[in-house]
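Trainee: I have a model open in front of me and would like your help in reading one part of it closely. Could you start with the whole chain and then work inwards?

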Amino acid sequence: MSEVSRAKRKEKCENCTKQCNKKQADGGAGSDPEREEEVNGQQSEGSQQQLLLSACLSCEGCVSEQESLKISQQNLEEVELVLELNKRCDASKHRVLVASVCPQSLPFFAVKFGVDVPEAAQRLCGFLKSIGVQFVLDTTLAAGFSILETQKEFVQRYRRRHHDSHALPLFTSSCPGWIRYAERVLGSLVTPHICTARSPQQIMGCLVKDFFSKQQKLSPEKLFHLVVAPCFDKKLEAVREEFYSSLMETRDVDCVLTSKEIYHLMEQRKVSVEELDSVPLDQVLGDADAALARHDGRGSEGFLEHVFKHAAKELFGLDVQEVTYKTLRNRDFQEVTLERDGETLLQFAAVYGFRNIQTLVHRMRKGRVPYQLVEVLSCPGGCLSGRGQSEEAGRVDRALVQQMEEAYSSLPVRLPELNPALKLLYRDWLQGQDSLQTSKLLHTEYRNQTHNQPPHMQW
């Protein structure tokens with residue numbers, strides 16, 4: 001991290017601390033987030049002093065120096081260095097570059113390239129291979145694993161809800177910004193409720209460094225795994241201790257670059273879209289269906305919709321064809337309900353953005369959360385609105401986000417239950433859906449780390 005970046009972070013952190021201390025001194029630390037008023041989408045003057053969670057967490061004041069160093073190494077220069085070393089050293093010392101592209105990043109390139117999503121994927125693949133990346137995969141397969149494991153865990157928790165106070169509500173675990181807040185600030189209030197299924201990114205990391213490396217007859221440390229993601233927080237997720245193998249001295253994900261960082265690399269190299277070759281994406285299983293598809297949901301992986309439909313069928317024998325959202329506070333706080341004969345069977349919520357998360361946590365502390373599952377994402381609008389592709393000059397480009405949403409929704413939906421590649425991998429890689437291998441490679445755990453939080457994060 002540059003000295004300028006450190007200085008800015010320190011200044012921002014100290015300012016947040018002063019504001020937080022001032023708020024506490026004024027007796028406002030316990031203010032009720034449900035009473036915040038907005039005028040035309042802005043905070044009213046009376047609430048302007050409140051330190052919102054988005055401001056608190058964006059300062060990265062809770063990121064240690066060691067983490068900062070690891071994150072700072074996830075940049076274009078690091079990838080360029082690996083590519084340059086591959087050119088200079090003999091073949092026995094090469095690292096094979098594997099790029100995994102998140103499906104929420106592809107609409108960004110579709111809009112920038114002026115083509116549809118499948119064509120954008122092939123052009124992006126062509127560019128990455130032209131600079132020395134040997135394999136380009138997409139993470140939809142890994143997201144399928146994450147969805148299936150979340151479905152299974154929800155049903156298990158629902159069935160033990162009467163004798164396990166931590167069983168419900170279940171919070172989704174794919175958003176690293178939300179996970180960091182939960183671990184560092186909320187602690188034991190929330191961590192037992194977080195789904196243990198790994199995020200799509202980290203399942204992809206495991207798939208590449210374990211199954212794919214064996215398939216290519218390479219040891220994991222010989223692979224350099226790059227992930228293209230819409231979100232900066234994914235860099236932080238990649239350096240978590242549990243995703244590092246001390247035995248092999250390698251991470252499941254070596255580097256995360258945002259969509260914009262890849263696009264800037266194209267600009268630096270003066271590569272025009274017209275001159276890019278269209279190259280099909282590689283497949284983890286060569287005979288798998290190569291057609292791009294998406295999961296149900298509003299620009300994210302659709303955990304809520306998939307779990308809702310699965311639970312309705314598995315627990316109550318009901319087939320839900322379409323999920324109807326009810327908007328509560330705003331379009332980023334919505335709920336869905338399953339009813340039968342006037343009885344509410346299931347009630348789920350989608351809560352996006354830290355302001356809405358504040359409201360959720362406030363209700364949870366008061367014991368007023370009626371939901372069995374909450375899909376939580378730190379970015380308003382979901383993953384397509386990730387800061388690594390949606391922001392221009394520090395502000396969200398809403399026109400760009402709308403275009404990305406339209407591009408993403410044009411992809412066909414495919415249920416992970418119907419994906420033959422997932423069935424084969426459960427059998428051949430994981431030795432079955434309920435095996436120890438599945439538990440070890442597709443799940444993790446989240447811990448109470450509130451003792452590490454700095455003073456200005458006492459909420």
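What does the accessible surface of the protein chain come to, and what percentage of it belongs to carbon and sulfur atoms? After that, please take me through helix H12 (residues 303-316): which of its residues are buried, and what covers them?

Mentor: Happy to! One caution before we begin: this is a predicted model. The accessible surface of the protein chain is about 21100 Å², and carbon and sulfur atoms account for 48% of it. The chain has 459 residues, of which 54% count as buried. Its secondary structure consists of 17 helices and 15 strands. If you take the contacts between residues at least 6 apart in sequence, 75% of them join residues at least 24 apart.

Now to your helix. H12 runs over residues 303-316, and its end C-alpha atoms lie 19 Å apart; this agrees with the 20 Å that its 14 residues should span at 1.5 Å a residue. Burial is where H12 becomes interesting to read: 10 of the 14 residues are buried, so the helix is largely enclosed by the rest of the structure. To find them on your screen, begin with the run Phe303, Leu304, Glu305, His306, Val307, Phe308 and Lys309, then add Ala311, Ala312 and Phe316. Notice that this list includes Glu305, His306 and Lys309 alongside Phe303 and Leu304.

What lies over these residues? The cover includes two helices, H7 (140-159) and H9, together with the strands S11, S12 (343-352) and S13 (373-377). Phe308 and Phe316 of the helix also belong to one aromatic cluster, which they form with Phe154, Tyr158 and Phe348. Just after H12, Gly317 takes a positive phi of about 70 degrees.

Strand S11 deserves a closer look, with Glu339 as a handy landmark: this residue lies in S11, which spans residues 333-340. Glu339 and the buried Ala312 of H12 are 27 residues apart along the chain, and their C-alpha atoms are separated by 9.8 Å. Is Glu339 buried or exposed? Its relative accessible area is 53%, and the cut-off for exposed is over 50%, so Glu339 counts as exposed. Leaving aside residues up to four places away in sequence, Glu339 touches Thr344 and Leu345.

H9 leads us to another aromatic pair. Phe212 sits in H9 (residues 200-215) and is 77 residues from its partner, Phe135 in strand S4 (residues 135-138), so the pair links distant parts of the chain; the ring centres are 5.1 Å apart and the planes stand at 85 degrees, so it is edge-to-face. Phe212 is buried, with a relative accessible area of 2%. In the loop between H9 and S6 you will find Lys217, whose phi is near 60 degrees, a positive value in a residue other than glycine. Lys217 counts as exposed, at 75% relative accessibility.

H7 can be followed onwards too. The loop between H7 and strand S5 (170-171) holds Pro169, and the peptide bond from Leu168 to Pro169 is cis, with omega near 0 degrees.

On the approach to H12, look at the loop between H11 and H12, where Lys270 lies. Lys270 is not a glycine, yet it has a positive phi of about 55 degrees; at 71% relative accessibility it counts as exposed.

For a contrast, try helix H4, whose residues 76-88 reach 18 Å from first C-alpha to last, close to the 18 Å expected. Which residues of H4 are buried? They are Leu76, Val79, Val82, Leu83 and Asn86. These residues cover an arc of only 130 degrees around the axis, which puts them on the same side of H4. The general pattern helps here: an α-helix has 3.6 residues a turn, so residues three or four places apart point the same way. On the other side of H4, Glu77 and Arg88 are exposed. The cover over the buried residues of H4 includes the strands S3 (96-101), S6 (223-229) and S9 (255-258) as well as helix H11 (259-268). At the start of H4, a side-chain oxygen of Asn75 comes within 3.1 Å of the backbone nitrogen of Glu77.

Back at your helix, then, the point to keep is that H12 is largely enclosed by the rest of the structure.

Note on methods. Residues numbered from 1 in each chain as written. Predicted model: local features only at pLDDT ≥ 70, side-chain atom pairs only at ≥ 80, totals over all residues. Heavy atoms only, no water. Helix = DSSP H or I, 4+ residues; strand = E, 2+ residues; numbered from the N terminus. Buried < 20%, exposed > 50% of the residue type's maximum accessible area, 1.4 Å probe, protein only. Contact = heavy atoms within 4.5 Å. Areas by Shrake-Rupley, 256 points an atom, 1.4 Å probe, with all protein chains shown as cover. Expected span 1.5 Å × (residues − 1). Arc of directions from axis to C-beta. Polar contact = N/O pair within 3.5 Å; in protein donor to acceptor, adjacent residues only side chain to side chain. Phe/Tyr/Trp six-rings, centres within 6.5 Å; stacked < 30°, edge-to-face > 60°.
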